[in-house]
Amino acid sequence: LINSTISCRILSDILPLQIQPTRHRGIGRYTTRALHALLGQAPEGQAHILWGSGHLAQPDPFPDKAPTTWRLYYGDFPLATYQPEQWSKQLGAYGDYWQTQIDRFSPEVLHIHSPFEWNAPLHSRHARVPTVVTVYDLIPLRLQEHYLRHAPNWMQKGYRHVCRLVQDADHIIAISECSRQDIVDLLHIEPERISVAPGGPSEDFSRIPDAKRQGDLRTRFGLREGFVLSTAGFDYRKNLSRILESYSLLEPRLRQEFPLVIVCSLLSEQEALLHSQARDLGISDHLVLTNYLSSDDLVALYHMATVQFFPSLYEGLGLPILDAMLCGLPVITSNTSSLPEVAGDAALLVDPLDVHDMTGALTRMLSDQELRASMRAKGLARVNLFGWGKTAEVLRQVYRQVARPTGPAYVPPFLQRQPPVLNSLAMVSPLPPQLSGVADFSADLLRSLRQHVAVTAFVQSDQLPAIRRHVESPVQGITDLPRMVRAGQIDAVLYQIGNSAMHHFAMPYLSSVPGIAEIHDGILYGLIHSLTLGRGDVAAYRQELSYAHDEKGREHAEDVIAHRASPAFYEMTVNRRVVNAAIGIIVHNGWTRDVVQAHGTNQPIQMINHPVRASESAYNLPSKAVCRSKLGISSDDLVLATFGRLTSNKRLDVVLHTFARLCREVPQSRLLLVGPAEPPSMGLHLSQLIQKLGIGDRVQITGYVAESDFAEYMGASDIGINLRYPHAGETSGTLVRLLNAGIPVITSNLGPFAELPDDCCWKVDVDEWEEDLLLAYLLRVGTDQALRRQMSDNARCYVQAEIPSWDQVAEAYLTFIYEAMLSQMAFVPRGEKQVRARTRSVK
Amino acid sequence: MPDSYQDGPSGAPETTIDAAAEMHRIRTSVRSHSLTAAAQATLATGASIDLSELDRRIRDVRERWSVQELPFESHTPIIGPFIAAFRTAWNSIAAKWHVRRILLQQNEFNYSVYQLLQAVLLQLQKQSEINAALVQEIRKNRDWMLQNEIRNEARQDWEQVQENWSKAKWAEQQETWNHQLYLILSALHPDGGVFLEAGQPTSGESGEDASEAHGGAHYRDFNTAFTGSEPVIKALYRQYVPLFESRKSVLDAGCGQGYFLELMRDAGADSYGVDRDAAMVQVCQLKSLNAVQDDVLHHLAGLPADSLGGIFAGHLIEHLAAESFQRFLSLAYRCLCPRGVLVCETPNTASPFVMANTFHRDLTHQKPVHPETYQFLAQMQGFADTELRYSLPVPPHLTAQPLPTLEVDESYVTHLLIEANDRLDRINHQLFGHQNVALIAYKPSVKSP
């Protein structure tokens, strides 16, 4: 077991991958690459817990190479609504919040990737956890005149405060020798506590861009063969004015041949300023400002340029020159800061304050082809010394060096056993007589699982007496769950989560007693809405929407609260809370699996098809003739039927209108609506419509029918109709039952319903052709007995191959639950830790 | 139906049908053929069919339907006129018999065709108008649908869409709303309707407070005009009977026509009444109830201490000014035996409905006092276990009814409706409080030190 060998868990903040604009800048790029390199081949002994914020934009997906050695969690602190100016005020609350996260994970190492983001979780109280901090540069201190001195007061104070916190860290990662020296000089930290982990070029730059893109760029920017490329930002240290000035001092012949291309995101007034400078210098005709470029375009420009001109005043590392070297682009850069150390002898070095020196280097490079060729070769050799693999190796070494077990954390006993055992399962779910599809499902599942392990059902406490009358013991109130877990009576918890208020009671336990979540509906908007806004709790609603859908959710919540928009019951998933808390996830269809995985979290997820009853299979049902004679239906009739509760999302109006049209063509047809109307007013509406359409003698509403009668109604039907709109990602239990009974089905061409095979389950699109198409299907299937037989056989084959019976399914559940617990072991605090009262440790 | 719907035991069909392919074939075919292409062309180009060309050609037919015998002309010089004259003469002889006849028939036919064309044109014009109207309707519907789509997709269009959309859906609701509001307003307006003072106004019992100008015979007229009916009042008073049932010497202070005394007699309890109005006392005596004519305060002042088991005062205290009420309390306290009970029913002044409709109708009512003030005064007097019991809710049809929920499956509307109903509830609660309140107070069994 790989997990049992893990001795070091690293808790990393991934805020630089979430915060705008950092995620697109150097720091974001460095963190992304370093983490990808780390996670791509995590070695034995180290596991990563990535901590992001649910309220910020989601990070780009991580490589999913070793899902057992890293996990992504979304914290719930309303970071996004904090203003940087409020930084010092938020610090206390945020620090407290982080302490709870640290208590929860009890990591052996805490790695802060970007301490100078104003919402980075760096806090002196975390000192009891070995802390590693990456410091990219100290430019604001080094070039105080140009940066810190003119910054607002809160920023100056904040910057110096973070510097003091950095001094407390157990270990510092610097990205270059130069930065390390700065840290030693300015923060007075002993050099032994600092490791250097330079990054490398981005592999994107090794791809040769296609000729078409190059041609497009030439046309777009009016470029000929060669040009001087400068990547910069509108920032003092990027030295833009001297770049322009030195270029203007070039011989006109060279300027004519090699225009200057500056790649830099610019606001319109900044662009105008640069243009006016260029006019004053007389180089307007030779200056191209690309403004923001896509990364593919940027790579193409690197491959097309003659020379990279990067005379920055100060860089922590200078990734652009490594990118240029990887493209075989000769480089001119500064002889200051980290740049000489990165460039070595593979670039022309200039004094970035001396315009004439810069012009001289440009002239030499542009007029000497041999020099360019030799620089190209040296650059390609030099860049090989750098690489993200090496960065990752340095980080791993540092983690090994500083790691030490930290204080106690509460971990459920069942996650402490090595290896886990699974003899006693807790299932948290609504159960009959509660009226819901999930309750019925859980009752069946409970019966099935109990043939293999002891299962205790945990239900809403006020429903306990009623449920105990219906469901075999043991059944407990949910409030008993934590006690029984602490007492070691439970080996794993299985939560049944659906999109209704019946699941409220389970929500508070999801994170405190982590378990496997079986998500019946990919969309949980209704659950969360009824839990918050439905109870009048506006603040909680705002918080939940923000947590689940960051900025989009916040805007939506505000709109709903102000009555500018209706709640997006079927558009927004709002399932992050459940997904984030689970240690494993079970779903019933691909649609829900996809919306769950869209969060980028990577705990094990398993699709288990909604099981069926063997007793109801086409092979075990009584024959059609028997069923019909029992129900008093003529054997000559064409019997169509819908099954399950008659609710507004079953599109019964469409069914009835279409049926009325069908009756004109096929007078012997009958329609059965098998199930109770919900709400009761639906029944009234349906009977009125049936009367209006004049099909009263052909349509029958059965109301609630017992299970055995239900099977008979299925057996008596020729075609099942199961339309649905809108849907929350649920799998219809009755639809699967119909297929199991060998009944051809017509359903809606949407979400999970579209996943069923076409050869036994025909799909009607929900649009203006819905009725016409349904009618055409009914006419075709209804008048062709051979086709119906074929579809019936196809349905049986599908069920036999893909759908487990209730008896078979328990094994799939137990196997997955065990695997999920096994894979969770890597992220659980190790050692002899026992359950102890949590104490806040103060430095 | 050529086919029987009875499926036999399932066996392999003779030939395999590719059901999936069949589904896709039908789906493609249904979704491609539709009226929409032609209809969309009409919608795009315009509503009316262009009838002007047809009209022009029918005019042309009108010019030419009547076929005339052409005069024969000859262009031969000199003898031409003669030839022509001859031909005309010959034609008139030779053609007269049959050609004329045919010509006439032809003209008749032509005319009828012309008539027919006219009729068709007329029909077409009508049809065109109908089309125009239909197209207009369809356009409206289409716009409405489009706007619905936009609403779903783009929030920024919300306001504009809402304007059109809600107009259509809320028109019906608006009427209900207006009706509800009208009810609220009319309930608040003193002339809005006739509401019973749901109690039994007693005649000005306290001479000091009820001014003589409004008392006496005038008050009895008023009383007769506005008092609730006997069964209504008895039903309301019945709730207090259990409080007195087992007690001795219960005084009905301001007994009026003796409704409460009757209830007490039915319950077999020992009680008597006092009222200032001689006519009322007479009514009581006619019913053989025990009643004396006296001023309540005067009567109480004359009683020995701890002599009464209970005192009931139905709609009395609102006629007493503050000092009189306090005096009434202190007298009642003195006269009641330990654990004796005092019940004073009075209009609920905390309900705006009562204040707007019933309270001020009676000129002998004093300045309204809040029920809790009554309670406080009773406590100050030394009564224990005081309680305010509210009764007689405003009939639901006079309050604002909840709006019916819509059939339309539109969560936003439902959401609004629920909230609107919630607010109506709160308004109802505020405006339509119970009409009566009773102060129930006990004299403590042991005197507090």
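**Note on the chain A sheet and its helices**

1. In this predicted model, helix H23 of chain A (residues 590–597) lies across three strands of chain A, namely S18, S19 (584–587) and S20. The helix runs at about 165° to S20(A).

2. A second helix, H31 of chain A (residues 806–824), also packs on the sheet. Helix H31 touches strand S14 (424–428) together with S17, S18, S19 and S20 of chain A. The direction of H31 makes about 155° with that of S19(A).

3. The sheet itself is open and has 7 strands, with parallel pairing. Its order in chain A is S16-S15-S14-S17-S18-S19-S20. Strand S16 (475–477) and strand S20 (605–607) of chain A are the edge strands, each pairing on one side only. On average, neighbouring strands are turned by 25° against each other, direction ignored.

4. One pairing can be followed at residue level. Strand S17 (residues 492–497) and strand S18 (residues 516–519), both of chain A, pair in the parallel sense over 4 bridges. A:Tyr495 has A:Ala517 in S18(A) as its bridge partner. In general, strands of a sheet pair through backbone hydrogen bonds, either parallel or antiparallel.

5. A separate point concerns A:Ala381, which lies in helix H14 of chain A (residues 369–383). Is A:Ala381 buried, partly exposed or exposed? Its relative accessible area is 48%, so A:Ala381 counts as partly exposed, the class between under 20% (buried) and over 50% (exposed).

6. A:Ala381 and A:Ala346 are 35 residues apart along the chain. Their C-alpha atoms are separated by 8.4 Å.

Notes: Residues numbered from 1 in each chain as written. Chains lettered and ligands numbered in written order. Predicted model: local features only at pLDDT ≥ 70, side-chain atom pairs only at ≥ 80, totals over all residues. Heavy atoms only, no water. Pairing = 2+ DSSP bridges. Helix = DSSP H or I, 4+ residues; strand = E, 2+ residues; numbered from the N terminus. Axes fitted to C-alpha atoms, helices over the stretch in contact; angles between N-to-C directions. Contact = heavy atoms within 4.5 Å. Buried < 20%, exposed > 50% of the residue type's maximum accessible area, 1.4 Å probe, protein only.
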